[in-house]
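Biologist: Could you take me through how to read a protein and DNA model of this kind, one feature at a time?

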Protein chains: 2
Amino acid sequence: MKRLTLEEIGRIAGVSRSTVSRVINDHPNIRPAVRQRVEDVIRQTGYQPNSAARSLASRQSRVFGLVMPSILQSAFADPYYPLVIQAISHACNQHDYTPALFLFQTPEEEEKMSQRIVASGLIDGLIITADTINSTFVSKIQQYDIPFVQIGRPPTSNAASISYVDVDNEAGAYLAASHLVQLGYRRIGQLATAHNTAGADRDAGYRHALGDRGLEVDEALVKVSDFSEAGGYQAMQALLDQQPEAIFAQSDAIALGAVRAIRDRGLRVPDDIAVVGFDDMPLAANADPPLTTVRQPINRTGMLAVETLIDIVRTTPEPARHIVLPVELVIRASSGAVY
Amino acid sequence: MKRLTLEEIGRIAGVSRSTVSRVINDHPNIRPAVRQRVEDVIRQTGYQPNSAARSLASRQSRVFGLVMPSILQSAFADPYYPLVIQAISHACNQHDYTPALFLFQTPEEEEKMSQRIVASGLIDGLIITADTINSTFVSKIQQYDIPFVQIGRPPTSNAASISYVDVDNEAGAYLAASHLVQLGYRRIGQLATAHNTAGADRDAGYRHALGDRGLEVDEALVKVSDFSEAGGYQAMQALLDQQPEAIFAQSDAIALGAVRAIRDRGLRVPDDIAVVGFDDMPLAANADPPLTTVRQPINRTGMLAVETLIDIVRTTPEPARHIVLPVELVIRASSGAVY
DNA sequence: CAAGGTATTGAGAGCGCTCTCATATCCTTG
DNA sequence: CAAGGATATGAGAGCGCTCTCAATACCTTG
């Protein structure tokens, strides 16, 4: 199957290359009859414009890069990231953009790739998943003039100049912790995470909720974990010695690990210890017991990241766009509110 | 920062565009002194060749498409797919290819995208994850002359003409089931899956293992599940009525669901029922009890898929390459062999 | 029905690279 | 040291598209 060109389509339709180009790019001022004729030829031949030629002439590729820096390598086990990828992929498909994937397993890999990513012209813009504090990648990328949006809030120090899409982590944690307070629990522990803004915001929400209800935060009831089930299991084991009545876990995976640790100690959820998670991953609903958690809108996050990036690419990049999406508390059995 | 071109690099280095191009593409017959000089300029300026121009002139993009057809949409919850993506991404990085991601959530999306994927020239080759029997995508793609390799064995009917990288599912299942037989279990059930070649091969391995040891397969001990934890939970509940002594689950997620179902029935693993999984996902080792399972080399699978595709793109596509990787049994507590 | 627009189309010049072919330079060796 | 062959470099012609600008076709309206 020989590859067709604009020229040939034009020849078949009896018009010039330029006119065919106009039809394809939906320019105004083409006689309806001509447009129709050209469209027919395109449809019948199955012609697809050559994307390299288009990129070269138009100076844009309609390819976005989806970047996950090295810090997150292991975090890929967390089902959150696959869901984000899926959401972004879907959004890109809808807007006729192609997502290129850049997962970095080491800083060296990151270093090696970043130059090519920003300067080869392959990529029109970047979606960066890196709420890790002090990501070197973001500061490196800022020196180039490639548009990007971040998923998750950047550290306060440079959040103003960076466009991002985030969920309201603080409000979510506030809801979760308040829910536990209202249920009558007093010794409410937290399985927290370190070095990421989402974790920091969830921590703040937890503290505000307790404070607003006149409870003091007992630091012995706050343990740090990573975002994995295993991490939650370990942290919960340490926490169990403090005899908490309820737990706010900063992610569903952590919560599930906590549940397992609680059971291993011969205790029951929620009868002995109530548990609330965060994220509302698919597994939260199927867990045993079903997990009370904070639902964050991952699909909308991905969609908005893509649309914001398209907007930035097409128009002026100033000022930076900041989007914070609302979250909601999903009450299930693990918090002891329903059975 | 103005974008540099070959021409300008040449001017700075005092040579022609052609010579710079030769240096970049590692052509022979350049005086060492000149090559050095050009390389210095490139390094100092941070020049990166424009990829659109390169693609247009050389007719290849160094972009591979990573396709996951719509059937698998929900299966993305299975940690297997993220790991495959990660492996392929890493392999692409190493070989200076860019992976573009095409996840299809619906047949319509698949239909809409496929034309662009194969005919726009954006993509040099495809890696298709679709061991689902009767994938329409593969048969569609075969009509074009775009190179591709599949991860997972295609259905026997057209496996001969398709290049693929697979793991030895049958041998793995054989190992797993044999392990259970050797431990003295007799009523060995299977949590199987339908409509995919990996499942069919694992089923075959299970049956051969039992047959080779003189055990007959009791069809009442074989239940069909999907690849999820929830599916395994459900299927196991049905299976429990048949009072199996041991279970071979076709994936780790299924095995974990089975363990949960067994526990909910008040039974213990492995004391009352032994469980073996398949895949050796990270969560298998951390499970409770740690899961005996069949380890498949996902990183090698991804690497070989990429390298095979590169080979096909660069040389003649004939004959189709078939690679089957060995697997190994990882014995942990869930099968009752170790504690 | 001519003049003066406006709507529609085509021609041409790149976009930044690769690759072939011609030219220039460098060694050999007789 | 001249001739011949190898080696090294440059010039030029695209790759298939977009976009500007000029040319043509089509309408108005006085």
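Modeller: We will go through the DNA surfaces, a helix pair and the domains in turn. This is a predicted model, in which local features need pLDDT of at least 70 and side-chain atom pairs count only at pLDDT 80 or more, while totals for chains, interfaces and linings use all residues. Residues are numbered from 1 along each chain as its sequence is written, chains are lettered from A and ligands numbered from 1 in the order in which they are written, and side-chain values use heavy atoms, with hydrogens and water left out.

Biologist: Which residues come closest to DNA strand C?

Modeller: A residue is near a strand if one of its heavy atoms lies within 4 Å of it. By that criterion 27 residues surround DNA strand C, and the closest are A:Arg22, B:Leu6, B:Arg17, B:Ser21 and B:Tyr47. Of the strand C atoms that come within 4 Å of the protein, sugar and phosphate account for 55%.

Biologist: Which atom of DNA strand C lies 2.5 Å from a polar side-chain atom of A:Arg22?

Modeller: A polar contact is a pair of N or O atoms within 3.5 Å; within protein, one must be able to donate a hydrogen and the other to accept it, and residues adjacent in sequence count only if both atoms are side-chain atoms. For A:Arg22 the partner is a base oxygen of strand C, whereas A:Thr19 places a polar side-chain atom 2.7 Å from a phosphate oxygen of that strand, and B:Arg54 does so at 3.1 Å from a phosphate oxygen.

Biologist: And which residues come nearest to DNA strand D?

Modeller: Of the 27 residues around strand D, the nearest are A:Leu6, A:Arg17, A:Ser21, A:Tyr47 and B:Arg22. The side chain of A:Arg17 has an N or O atom 2.5 Å from a base oxygen of strand D, and the side chain of B:Arg17 has one 3.1 Å from a base nitrogen.

Biologist: How is the packing of two helices described?

Modeller: One gives the angle between their axes and the distance between the axes. Here helix H1 (residues 6-13) of chain B packs against H2(B) at about 100°, with axes 8 Å apart; helices (H or I, at least four residues) are DSSP runs, numbered from the N terminus, and axes are lines fitted to C-alpha atoms over the stretch in contact, with angles running from 0 to 180 degrees between N-to-C directions. H1(B) is therefore roughly perpendicular to H2(B), a term covering 65 to 115 degrees.

Biologist: How far apart do the centres of domains 1 and 3 of chain A lie?

Modeller: Domain bounds come from an automatic or database domain assignment, and the C-alpha centres of those two domains lie 60 Å apart.

Key: Helices (H or I, at least four residues) and strands (E, at least two) are DSSP runs, numbered from the N terminus. Angles under 35 degrees count as roughly parallel, over 145 as roughly antiparallel, 65 to 115 as roughly perpendicular and the rest as oblique.
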